[in-house]
Amino acid sequence: MTDPASPRVLLVDDEADFLESLGQRLALRGLPVVTAASGPRALEIINTEEVDVVVLDVRMPGMDGIECLRRIKEGHPHIEVVMLTGHADLQSSLEGMRFGFFDYLTKPVRLEHLIEKIQEAFERGRGEHVAARETFTDKLQEHMIVADRLASLGELAASIAHEINNPLAIISESAGWLRSRLERGDIPEEELKTTVDRALSKIESAVDRAARISQNFLSFSRGPDTIVRSFDLGDLAAEVRELTLRPAVAANIEINVRRAPSGEGTIVTDPYQLRQVLLNLVTNALHAVARDGTVEIVVEDGPEHASIAVVDSGPGIAEEHIEHIFEPFFTTKKEGHGTGLGLAVSRGIVEKLGGRLEVENRPGSGCTFRVVLPKSRE
């Protein structure tokens, strides 16, 4: 006999053997279970029977799991949904976040782990455990930060490859030129040292440049763990400028770093998370300008707070959009050109670091996003 306090579970999967086996195993653990082999059948059951938690496969023929999730949440927002997938899929997880799933698990999933998630989802739906909701919110925020970082990494990849190829080409050309001169033996003895020094200087400079580019990229791609240390905002601004310089040059956009005459800009916080925020803001500014304009990164220092602002010469933000820009998944970019997570994630990171993210909109003449942070962490 099932416990009346147990969640009523709907399993939805187009693989009949998996559906039957998992249903039987959950039933043996005392969970009331009903099954559906398709999205439309799942919606029929939800409309006629009491369901607390849906365990839903992402990839199904016809109506897929994301569309089924959307319809469930439209008609029955109190029902919690745990998504299952056989493939790690960033786009599906982003879409699932958008429509409000409880969690996203990859097959094969351990039975105990699935039961634990079902119970947590049930408790969240009943509102009995505030801690469970807070855990979910924190986890969702972490997922969004990682998803946004992955999207930014993808956007940077082509640019980084090109930037690395430039110093490699200089190294190759300098080494080849030097080798050919040595093999021909046409370098006068009095010029030999000067010629070798000149070639080696070019090679060393190119190596330093490649190392700096790769180090910036690796620093940005590190995990989300918080590491607090003292650093200079101007140095951080210069790193982000270098990461975004190629797309700026390609669009004839001048991108500069400026220090306001108000101090050094030294701050104690997490440089890696702040780098993610600044890269988001600069990338957005480049997209806003589109072509033939300017983006300026301005560092300002005060007695207790320091700030770093991104000022663009684009068209500004439409009045009807300004109140929505920090909402997750809101974007005015063309489909496939943005996740809509950047500003929402950036504001969350800045607030976690004890600061605030401000916007100054100038319709028709540009926009300024300013990160204001305490100079030291308590």
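Start by selecting D52, which counts as buried at 15% relative accessibility; buried means under 20% relative accessible area, exposed over 50%, and partly exposed in between, using a 1.4 Å probe and protein chains only. You are looking at a predicted model, in which local features need pLDDT of at least 70, side-chain atom pairs count only at pLDDT 80 or more, and totals for chains, interfaces and linings use all residues. Residues are numbered from 1 along each chain as its sequence is written, and side-chain values use heavy atoms, with hydrogens and water left out.

**Stop 1: around R8**

Keep D52 on screen and add R8. The two form a salt bridge, with their closest N and O atoms 3.1 Å apart; the term stands for a side-chain nitrogen of Lys or Arg within 4 Å of a carboxyl oxygen of Asp or Glu. R8 sits in the segment before β1 and D52 in the loop between α2 and β3, so this pair ties together parts that are 44 residues apart in sequence. Helices (H or I, at least four residues) and strands (E, at least two) are DSSP runs, numbered from the N terminus.

Now add E50, whose side chain also meets that of R8 in a salt bridge (3.1 Å, N to O). E50 belongs to the loop between α2 (39-48) and β3, while R8 is in the segment before β1, so the parts tied together here are 42 residues apart in sequence. How open is each partner? E50 is exposed, with a relative accessible area of 61%, whereas R8 is partly exposed at 29%.

**Stop 2: two strands further along**

Select E296 and R258, whose side chains meet in a salt bridge (2.9 Å, N to O). This pair links distant parts of the chain, with E296 in strand β9 (residues 293-301) and R258 in strand β7 (residues 253-259), 38 residues apart. E296 is partly exposed at 26% relative accessibility, and so is R258 at 38%. By the same distance rule, the count comes to 17 salt bridges.

**Stop 3: helix α3**

Move to residues 65-75, helix α3, and colour its buried residues: G65, I66, C68, L69, I72 and K73. Seen down the axis of α3, they fall within an arc of 160 degrees, so they line one face of the helix; the arc is that of the directions from the helix axis to the C-beta atoms.

Next, show E67, R70, R71 and E74, which are linked in a network of salt bridges. At the N-terminal end of α3, look for the cap: a side-chain oxygen of D64 lies 3.3 Å from the backbone nitrogen of I66.

**Stop 4: an enclosed space**

Which residues line the second largest cavity? Select L11, V12, D13, F18, L19, L22, V55, L56, D57 and L84. A cavity is a set of points, on a 1 Å grid over the protein atoms alone, where a 1.4 Å probe fits but cannot get out, and lining residues have an atom within 4 Å of a point. About 30 Å³ of space lies inside this one, the volume being the space filled by probe spheres set on the points, which are joined across faces, edges and corners.

β1 (9-12), α1 (16-28) and β3 (53-57) each supply at least two residues of this lining. The lining divides into 8 nonpolar, no polar and 2 charged residues.

**Last stop: L114**

Finish with L114 in helix α5 (residues 111-126), which is buried at 0% relative accessibility. Add V55 again: L114 and V55 are 59 residues apart in sequence and 9.1 Å apart in space, C-alpha to C-alpha.

Notes
On a 1 Å grid over the protein atoms alone, a cavity is a set of points where a 1.4 Å probe fits but cannot get out, and a pocket is an open set with protein on both sides within 12 Å along at least five of seven lines; lining residues have an atom within 4 Å of a point. Ala, Val, Leu, Ile, Met, Phe, Trp, Tyr, Cys and Pro count as nonpolar, Asp, Glu, Lys and Arg as charged, and the others, Gly among them, as polar. A polar contact is a pair of N or O atoms within 3.5 Å; within protein, one must be able to donate a hydrogen and the other to accept it, and residues adjacent in sequence count only if both atoms are side-chain atoms.
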